[in-house]
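This note is for a colleague who is opening the structure for the first time. The points below may be read with the sequence and the structure side by side.

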Amino acid sequence: MSLFAIIATVIATFLAMEFVAWSSHKYIMHGFGWGWHRDHHEPHENRLEKNDLYGLVGAAMSISMFAIGSPLVMGKSAWDPGTWIGLGILFYGIVYTLIHDGLVHQRYFRWVPKRGYAKRLVQAHKLHHATIGKEGGVSFGFVFARDPAVLKQELKVQREAGIAVVRDAAL
């Protein structure tokens, strides 16, 4: 693969992972996978959450792609793009960990942004946590955040329609 193709593959994979994360968060974590995700939405004193198991799923995806792209593992049937797709997934996982676990939930460092995109990310994810239970909700992505004012309006509509139970302080 050319250097351009490698870089394009890594970037495209990184961007595609936001869709993978959004859809798995909305339909798996807030669906049949709620058992692993529930503790992430409830107060607790534990250092680790069952929800952290989803990070292992992402790691397995990345490792699998590295293996598929590796001649050491696959021999002559290695698929070169696999390595670069694995790298894109890995980069997404690093950014996700820094933004979601670090910045938003402050598991690794303490910093509350006062302005800019970092503030928007924090606000959008806090609005995601404004619902009680797995039903309804907004902002299922992790790296790209929509306008918090629009998200608040969506939550208000969901509450009025009986779709979501929203914490009073959120609106």
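1. Glycine 86 belongs to helix H5 of this predicted model. Its relative accessible area is 0%, so glycine 86 counts as buried, the limit being under 20%. Beyond residues up to four places away in sequence, glycine 86 touches Ser62, Met65 and Phe66. A C-alpha to C-alpha distance of 6.5 Å separates glycine 86 from isoleucine 63, although their positions lie 23 residues apart in sequence as the separation is counted.

2. The overall layout may be set out next. The chain has 7 helices and 2 strands, and their order from the N terminus is α-α-α-α-α-α-β-α-β. The C-alpha trace extends over about 60 × 35 × 30 Å along its principal axes. Of the 171 residues, 39% are classed as buried. Among contacts in the chain with a separation of 6 or more, 52% are between residues 24 or more positions apart.

3. Helix H1 deserves a separate remark. It covers residues 3-32, and its 30 residues should span 44 Å at 1.5 Å a residue; the end C-alpha atoms are 41 Å apart, which agrees. H1 nevertheless carries a kink of about 40°, and the centre of that kink is histidine 25.

4. Which side chain of opposite charge is nearest to aspartate 39? It is lysine 50, at 6.6 Å. Aspartate 39 has no salt bridge although it is buried; a salt bridge would require a nitrogen within 4 Å of a carboxyl oxygen. The residue sits in the loop between helix H2 (34-37) and helix H3 (53-68). A polar atom of its side chain lies 3.4 Å from the backbone nitrogen of asparagine 51. Outside the neighbours within four places in sequence, the contacts of aspartate 39 are His44, Glu49, Lys50 and Asn51.

5. The whole structure contains 4 salt bridges. One of them joins aspartate 52 to arginine 107, with the closest N and O atoms 2.8 Å apart. Aspartate 52 is in the loop between H2 and H3, whereas arginine 107 is in the loop between helix H5 (81-104) and helix H6 (116-128), so this pair ties together parts 55 residues apart in sequence. The two partners fall into separate classes of accessibility: aspartate 52 is partly exposed at 23%, while arginine 107 is buried at 19%.

6. Another salt bridge links the side chains of arginine 146 and glutamate 154, at 2.2 Å from N to O. Arginine 146 counts as partly exposed because its relative accessibility is 43%, and glutamate 154 is partly exposed as well, with a relative accessible area of 28%. Through shared partners, salt bridges also join Asp52, Asp101 and Arg107 into one network.

7. How do glutamate 42 and arginine 38 meet, and what is the distance from N to O? Their side chains form a salt bridge at 3.6 Å. Glutamate 42 has a relative accessibility of 40% and therefore counts as partly exposed. Arginine 38 is likewise partly exposed, at 40% relative accessibility.

Methods:
Residues numbered from 1 in each chain as written. Predicted model: local features only at pLDDT ≥ 70, side-chain atom pairs only at ≥ 80, totals over all residues. Heavy atoms only, no water. Helix = DSSP H or I, 4+ residues; strand = E, 2+ residues; numbered from the N terminus. Buried < 20%, exposed > 50% of the residue type's maximum accessible area, 1.4 Å probe, protein only. Lys, Arg positive; Asp, Glu negative; His and termini not counted. Polar contact = N/O pair within 3.5 Å; in protein donor to acceptor, adjacent residues only side chain to side chain. Contact = heavy atoms within 4.5 Å. Expected span 1.5 Å × (residues − 1). Bend = angle between axes of the 7 residues up to and from the residue.
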